[in-house]
Amino acid sequence: MVQLVGSLRKEVAESLSTCRVLVVGAGGIGCELLKNLVLTGFKNIEVIDLDIIDVSNLNRQFLFQKKHVGKSKAQVAKESVLQFCPTANITAYHDSIMNPDYNVEFFRNFMLVMNALDNRAARNHVNRMCLAADIPLIESGTAGYLGQVTVIKKGLTECYECQPKPTQKTFPGCTIRNTPSEPIHCIVWAKYLFNQLFGEEDADQEVSPDTADPEASWNPAETEARAMASETDGDIKRVSTKEWARSTGYDPAKLFNKLFKDDIMYLLTMDKLWKKRKAPLPLDWHQLESQGRPQGEVKAVGLKDQQVLGVWGYCQLFQHSIETLRSELQEKGDGAELVWDKDDAPALDFVTAAANLRMYIFSMTMKSRFDIKSMAGNIIPAIATTNAIIAGLIVMEGLKVVSGELESCRTIFLNKHPNLRKKLLVPCILDPPCANCYVCASRPEVTVKLNVLKTTVLALQDRILKERFGMVAPDVNIEDGKGTILISSEEGETDANNGKFLSDFGIRNGSRLQSDDFLQDYTLLINVLHAEDLEKDVEFEVVGDAPDKAPPPPSNQEDASSIANGNKDSAQPSTSNAAAEVDDVMIVESEGEEEEEASSSSAAAVPTSGTKRKHLDDETGEASVKRPRTNQSHESADAEDDDDDDDIIALD
């Protein structure tokens, strides 16, 4: 007769009390997961999270209260969970999981790792560490009402990086600076402007008109001359945008007229730009001020964050936010910089005002503060109940792993609408490893197309190895028979190589590079494909089955493109501005066995014959294709218009 301890078999309950598990992330999913783990009987838990608690977390991360704002998520989560089970042994780390201290040996201390992360970089890293340590990993994610849980085990299942994930959408600089056509272009411009005025200046985030735009009015010779002039000082003393703003005392009227009058009038001189486009309409601060309430100004109604103000209303918001941000800079002292944060009200007010004024100038429909916040932060709203469901599914799969029943583990999808079998939860058999995966294959290998005459060693390290292939501290050797060291992870050892081109080291078409990341216990062979015909502004391309070659997302999307409140822009394992809060979700339908039949008509996708898999892009929130045979997903009832679909990613 089976002996039970609570609802569990005695041997399973005993295993739970002795096994060590690692939870990576203590946010929306992490809070629910930690609570579930201790109530299920897990006794030895370690949790790591670099984030601190923000007021915006309190509506769904129920281990935290108002008194905890500003404190470590991991530490407060531990203290709160111990109130459910005081006998649990919980260790909290307020740190990044990508810290070298958490090496392969650290991961080997655990029977199971559970991810509750919000960005791709950290997910990639944990995936590789678990593969290196040969430890089961349970990956999870949510996006609004959608959710997913899957189990990853080296040699048995796909790893997190087996399937393509499109890179985050970017926009040409001349579009942002000269010819915006969508609200997202104006929002990106406004965020660039924030950094140019108050934050860390970046030459790639210039907001002034691009005089070298090939569509501009001048003939080719003049265009080339102007482009060259923009790169040199000549006899003119050039000052940065921030220096100029400081020289005016951050005068709102002067800033306004420079950005929304003078620069726009300058753009109008580039007459070729406006032959097939509606020309922008300059705004003048003093003229608007004298009018007080310009013609067409409508009194805003509704909730404050959902109001769309008139032009003068955004002028006043622009003025007020600049005065507040100016005061914050002065308080910090000389040389201080402010950092963009979605939860910083003056910063968000500034971007809201600047973006909407630019939208008005370029004849676009202006957006509410709520919409600007979501689009500027690239975030889909988090739903507390979705997090709770997914956390429960993580524990159920975790019980199978601890019981040694890996063969019964499933990938489980939570859909927004029931399928024809009236099921919201759709289990699917785990897929085997992808033979061409550049992470978990027996000999990871990839081909990169680049121009060896123009690509520097630093670009190879930062843009390709770290950013594109997710390495933390790569070492690179050239397979030239000599073992020439191109890049070393030892500080300063190969810094002299950074500015040199790959061709300076004899790298040419067909050359092979071996890149090792000893922290991740990961080796990648790179075949160099020299090309001089890359598209403009494209530094490199990954050839073959790597993520850059993912098929384009379907045009008809919905749940994925819903937008709401948010922050963060790029994938980093923290709450810093560089962080992109992302949660991968796949909507899957397949045919065959019982589990697969259950998903054959999932409401999250259009039912058709054949195997169907959709993968929600964790950077853009759009559905990408996981398998060659695909369908488009339905649009959600609350999806925004096409202008709102860009650069949307998920929160928890």
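The following exercises, each with a worked solution, concern a predicted model of one protein chain.

**Exercise 1. Overall composition**

Determine how many helices and strands the protein chain has, and what share of its residues is buried.

*Solution.* Step 1: the secondary structure is made up of 17 helices and 21 strands. Step 2: of the 652 residues in the protein chain, 55% are buried. Step 3: the accessible surface amounts to about 28,600 Å², and carbon and sulfur atoms account for 49% of it. Step 4: for contacts between residues at least 6 apart in sequence, 70% join residues at least 24 apart.

**Exercise 2. Two residues of helix α12**

Establish whether Cys315 is buried or exposed, and identify the residues that Cys315 touches beyond four places in sequence.

*Solution.* Step 1: Cys315 belongs to helix α12. Step 2: its relative accessibility is 0%; buried means under 20%, so Cys315 is classed as buried. Step 3: with residues up to four places away set aside, Cys315 touches Phe256, Trp285, Leu288 and Leu357. Step 4: Cys315 and Ala354 are 39 residues apart along the chain, and their C-alpha atoms are separated by 8.5 Å.

Carry out the corresponding analysis for Ser321, asking which residues are in contact with Ser321.

*Solution.* Step 1: Ser321 is located in helix α12, which covers residues 311-332. Step 2: a relative accessibility of 1% places Ser321 in the buried class. Step 3: apart from neighbours within four places in sequence, Ser321 is in contact with Pro346, Asp349 and Phe350.

**Exercise 3. Positive phi angles**

State the value of phi for Asp134 and for Tyr250, and describe the setting of each residue.

*Solution.* Step 1: as background, most residues other than glycine have a negative phi. Step 2: Asp134, which is not a glycine, has a positive phi near 55°. Step 3: Asp134 is placed in the loop between α5 (120-133) and β7 (137-143), and its relative accessible area of 39% makes it partly exposed. Step 4: Tyr250, likewise a residue that is not a glycine, has a positive phi of about 50°. Step 5: Tyr250 is part of the loop between α9 (241-247) and α10 (252-268). Step 6: with a relative accessible area of 6%, Tyr250 is buried.

**Exercise 4. Salt bridges**

Give the count of salt bridges, and find the partners of Asp263, Asp284 and Glu479.

*Solution.* Step 1: taking a side-chain nitrogen of Lys or Arg within 4 Å of a carboxyl oxygen of Asp or Glu as the criterion, the count is 19 salt bridges.

Step 2: Asp263 pairs with Lys258 at 3.1 Å, N to O. Asp263 is buried at 12% relative accessible area, whereas Lys258 is partly exposed at 22%.

Step 3: Asp284 pairs with Lys261, with the closest N and O atoms 2.8 Å apart. Because Asp284 is in the loop between α10 and α11 (285-291) and Lys261 is in helix α10, this pair ties together parts that are 23 residues apart in sequence. The relative accessibility of Asp284 is 16%, which counts as buried, while Lys261 is partly exposed at 26%.

Step 4: Glu479 pairs with Arg512, with 3.1 Å between the closest N and O atoms. This pair links distant parts of the chain, 33 residues apart: Glu479 is in the loop between β13 (474-478) and β14 (484-487), and Arg512 is in strand β15 (residues 512-517). Glu479 is partly exposed at 39% relative accessibility, and Arg512 is partly exposed at 24%.

Step 5: Arg9, Glu11 and Glu405 are joined into one network by salt bridges that share partners.

**Exercise 5. Surface patches**

Identify the residues that form a negative surface patch and those that form a nonpolar patch on the surface.

*Solution.* Step 1: Glu200, Glu201, Asp202, Glu243 and Glu337 form the negative patch. Step 2: one of these residues, Glu201, lies in the loop between α7 (183-198) and α8 (220-231). Step 3: patch residues need over 30% relative accessible area; Glu201, at 33% relative accessibility, counts as partly exposed.

Step 4: the nonpolar patch consists of Ile389, Leu424 and Leu425, which together have about 220 Å² of accessible area. Step 5: Ile389 is in helix α15, residues 384-402, and is partly exposed with a relative accessible area of 37%.

Note on methods:
Residues numbered from 1 in each chain as written. Predicted model: local features only at pLDDT ≥ 70, side-chain atom pairs only at ≥ 80, totals over all residues. Heavy atoms only, no water. Patch = residues over 30% accessible without salt bridge, like charges linked within 9 Å, V, L, I, M, F, W, Y side chains within 5 Å. Areas by Shrake-Rupley, 256 points an atom, 1.4 Å probe, with all protein chains shown as cover. Lys, Arg positive; Asp, Glu negative; His and termini not counted. Charge placed at Lys NZ, Arg CZ, Asp CG, Glu CD. Helix = DSSP H or I, 4+ residues; strand = E, 2+ residues; numbered from the N terminus. Buried < 20%, exposed > 50% of the residue type's maximum accessible area, 1.4 Å probe, protein only. Contact = heavy atoms within 4.5 Å.
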